[in-house]
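Open your viewer and keep the selection box handy. We will start with the whole chain and then go strand by strand.

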Amino acid sequence: QVQLVESGGGLVQAGGSLRLSCTASGPTTSNLAMAWFRQAPGKEREFVAAISWIGENTRYADSVKGRFSISRDNAKNTVYLQMNSLKPEDTAVYYCAADRAFRQSSIPGLTTGAFRSWGQGTQVTVSS
């Protein structure tokens, strides 16, 4: 089982930036694809971005393409989400997720069901 801890959330004005971090720990932190999801009040949890273990494969939701960037540092067991040009509609609790994929260059999926390990979430609030 992998433990995931997110950090970096907060309150920012529209147009601003934040960087979220998620650090994995436990006996099986290697070869993990990782992702970010978010959940706004009254809405379902939705996919934001994902990255394969070797980092060459990334995927983004259409709503964040060109504004958000996912990256990772495997030496630190950490994945990052750089969020620029934030909008009020980006307000949500952001969750980190992880799971093994078929290949080190793969992502297991873009749905919540594709990931078995989850963090506790970090709140991001964008004011207008």
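How many helices and how many strands does the chain have? There are zero helices and 11 strands in this predicted model. Colour by secondary structure and follow the chain from the N terminus: the elements run β-β-β-β-β-β-β-β-β-β-β. The radius of gyration is 14 Å, close to the 14 Å that the globule rule gives for 128 residues, so the chain is as compact as a globular protein of that length.

**The whole chain**

Stay zoomed out for a moment. The C-alpha trace spans about 40 × 30 × 25 Å along its principal axes. Switch on a surface, and the accessible area comes to about 6400 Å², with 46% of it belonging to carbon and sulfur atoms. Of the 128 residues, 45% count as buried. If you like contact maps, take the contacts between residues at least 6 apart in sequence: 60% of them join residues at least 24 apart. For the charges, select the 13 positive and 9 negative ones; their mean positions are 3 Å apart.

**Stop one: strand E3**

Select residues 18-25, which make up strand E3, and pick out Ser21 within this strand. Is Ser21 buried or exposed? Its relative accessibility is 15%, under the 20% cut-off, so Ser21 counts as buried. Show its surroundings, leaving out residues up to four places away in sequence, and you will find Ser21 touching Val5, Glu6, Ser7, Trp36, Thr78, Val79 and Tyr80.

Now move along to Ala24, also a residue of strand E3. Ala24 has 6% relative accessibility and therefore counts as buried. With the same sequence neighbours left out, Ala24 touches Val2, Gln3, Leu4, Thr29, Met34 and Asn77. For a sense of distance, draw a line from the C-alpha of Ala24 to that of Pro41: these residues are 17 apart in sequence and 26 Å apart in space.

**Stop two: strand E8**

Next, select residues 78-83, strand E8. Why is E8 described as largely enclosed by the rest of the structure? Five of its six residues are buried, so the rest of the structure largely encloses E8.

Add E3 back to the view: E3 and E8 pair in the antiparallel sense over six bridges. One pair to label is Arg19 and its bridge partner in E8, Gln82. Then show strand E7, residues 68-73, which pairs with E8 in the antiparallel sense over six bridges. Here Ser69 stands opposite Gln82, so to speak a second label for the residue you have just marked. E7 and E8 form a hairpin with four residues between them. Click on Asn77 in that turn, where phi is positive at about 50°.

**Stop three: strand E9**

Finally, select residues 92-100, strand E9. Seven of the nine residues here are buried, so E9 too is largely enclosed by the rest of the structure.

Which strands pair with E9? Bring these up one at a time:

- Strand E4, residues 32-39, pairs with E9 in the antiparallel sense over eight bridges; label Gln39, whose bridge partner in E9 is Val93.
- Strand E11, residues 122-127, pairs with E9 in the antiparallel sense over three bridges; label Tyr94, whose bridge partner in E11 is Thr122.
- Strand E10, residues 117-118, pairs with E9 in the antiparallel sense over two bridges; label Ala97, which stands opposite Trp118 in E10.

How values were computed. Residues numbered from 1 in each chain as written. Predicted model: local features only at pLDDT ≥ 70, side-chain atom pairs only at ≥ 80, totals over all residues. Heavy atoms only, no water. Rg over C-alpha atoms; globule rule 2.2 N^0.38 Å. Buried < 20%, exposed > 50% of the residue type's maximum accessible area, 1.4 Å probe, protein only. Contact = heavy atoms within 4.5 Å. Areas by Shrake-Rupley, 256 points an atom, 1.4 Å probe, with all protein chains shown as cover. Lys, Arg positive; Asp, Glu negative; His and termini not counted. Charge placed at Lys NZ, Arg CZ, Asp CG, Glu CD. Pairing = 2+ DSSP bridges.
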